[in-house]
Amino acid sequence: MKQKNTNTAMLLTAVAILFSILTACHNQTSPNSESVKERVSQESSRQIPPGWTLHKNNIYSIAYPQSMEIRDEKSKYQQDLNQAGLPSSDGNTVIFQQKGLNEKESDAYTQYIRVMITPTEGNKGDFLKANEEYGSLPDYNNYAELQAWGEMNRNIKDFLFSMILHNCQRLDGTYSVVKPTSSAEVGFIWEKIGNEYAINTHYIRNREIGEGQVRADIYFFQNDSQAIIIVASCPADEYDKTWSEILRPMIQSFRWAHVYR
């Protein structure tokens, strides 16, 4: 997966715009929603698999297994990426990868797994509350609510597809995405992680080196003045096993450092 600093900055701006739209749509349907802000620690509600390591900063925390490592931006592997025209990620993005890749150990090249986490900071009210979920159907007798709900879903699909294209753009400007092929084909759900919700979708792309395809899941977490994008990917033909043993436990271990109510 490529990290393009300028594109990432533009993408994070788009995240802010998207959640502003979602908040506006929600305000049309729930004008009396709670506006009081409370900081709530999330550490006590998490179960970490035995032997896993907890990565923690002042925005979020997430656990990862012994078979993975955090990419070192000064590593031999990143130097190879730089020479290939792929710059280092910005300072906020953290990338988890198969263990040994930093030092270019031969065994690491027989595997492929990535979890990339990119946070963005906004202002109070820029994003949805972490515990708000908008997956329920609207009141079909309420035209304003129905219209807001439809606009929200279209906006989410359009944004998710732009994110997919961003992740699948090659250096020559073409795209490696196999499906979805348009925003209309994008499917998404609101998934509960801990006590909070995230928007989840996935896509399939061709591998850039060798044959086969990659399956990637995108998660959007929101927390009033904060938003986080997580992209978790692995070979499509290994997805079921890797998802159940590594990727899903990692996603489920995600917690905000503080939740704003």
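Modeller: A salt bridge is a side-chain nitrogen of Lys or Arg within 4 Å of a carboxyl oxygen of Asp or Glu. Lys and Arg count as positive and Asp and Glu as negative, while His and the chain ends are not counted. The model here is predicted: local features need pLDDT of at least 70, side-chain atom pairs count only at pLDDT 80 or more, and totals for chains, interfaces and linings use all residues. Residues are numbered from 1 along each chain as its sequence is written, and side-chain values use heavy atoms, with hydrogens and water left out.

Biologist: How do you know that Glu69 has no salt bridge?

Modeller: The nearest side chain of opposite charge is that of Lys99, and it is 6.8 Å away. Set against the limit for a salt bridge, Glu69 has none. Glu69 is buried all the same, where buried means under 20% relative accessible area, exposed over 50%, and partly exposed in between (1.4 Å probe, protein chains only).

Biologist: What lies 3.1 Å from a polar atom of the side chain of Glu69, and what makes that a polar contact?

Modeller: The backbone nitrogen of Leu101 lies at that distance. A polar contact is a pair of N or O atoms within 3.5 Å; within protein, one must be able to donate a hydrogen and the other to accept it, and residues adjacent in sequence count only if both atoms are side-chain atoms. The backbone nitrogen of Asn102 also meets the distance limit, at 2.7 Å from a polar atom of the Glu69 side chain.

Biologist: Which residues is Glu69 in contact with, leaving aside its neighbours within four places in sequence?

Modeller: Contact means heavy atoms within 4.5 Å. Among the residues that Glu69 contacts are Tyr64, Ile95, Phe96 and Lys99, along with Leu101 and Asn102.

Biologist: Why is the stretch that holds Glu69 called a strand?

Modeller: Strands are DSSP runs of E with at least two residues, and helices are runs of H or I with at least four; both are numbered from the N terminus. Glu69 belongs to β4, residues 68–70. The chain comes to four helices and 13 strands by this count.

Biologist: How do you know that the buried residues of helix α2 are on the same side?

Modeller: Helix α2 covers residues 76–83, and its buried residues are Tyr77, Gln78 and Leu81. They span an arc of only 95 degrees around the axis, so they are on the same side of α2; the arc is that of the directions from the helix axis to the C-beta atoms. As a rule, an α-helix has 3.6 residues a turn, so residues three or four places apart point the same way. The cover over the buried residues of α2 includes β5 (94–98) and β6 (114–121).

Biologist: What makes β9 largely enclosed by the rest of the structure?

Modeller: Nine of the eleven residues of β9 are buried, so the rest of the structure largely encloses it. Strand β10 (residues 213–222) is mostly covered as well, with nine of its ten residues buried. For the chain, 48% of the 261 residues count as buried.

Biologist: How do you know that β9 and β10 pair?

Modeller: Two strands pair if DSSP finds at least two bridges between them. Strand β9 (residues 196–206) and β10 have nine, in the antiparallel sense. Arg205 stands opposite Val214, and His202 stands opposite Asp217. Six residues lie between these strands in their hairpin, where Gly210 takes a positive phi near 85 degrees.

Biologist: Which other strands pair with β9, and over how many bridges?

Modeller: β7 (residues 177–179) pairs with β9 over two bridges, antiparallel, and Lys179 has Ile204 as its bridge partner. β8 (residues 189–193) pairs with β9 over five, also antiparallel. Both counts meet the limit for pairing.

Biologist: Why are β2 and β12 called edge strands?

Modeller: An open sheet of three strands runs in the order β2-β3-β12, with antiparallel pairing. The edge strands are β2 (53–56) and β12 (255–256), each pairing on one side only. Strand β3 (residues 60–64) has two bridges to β12, and Ser61 stands opposite Arg255.
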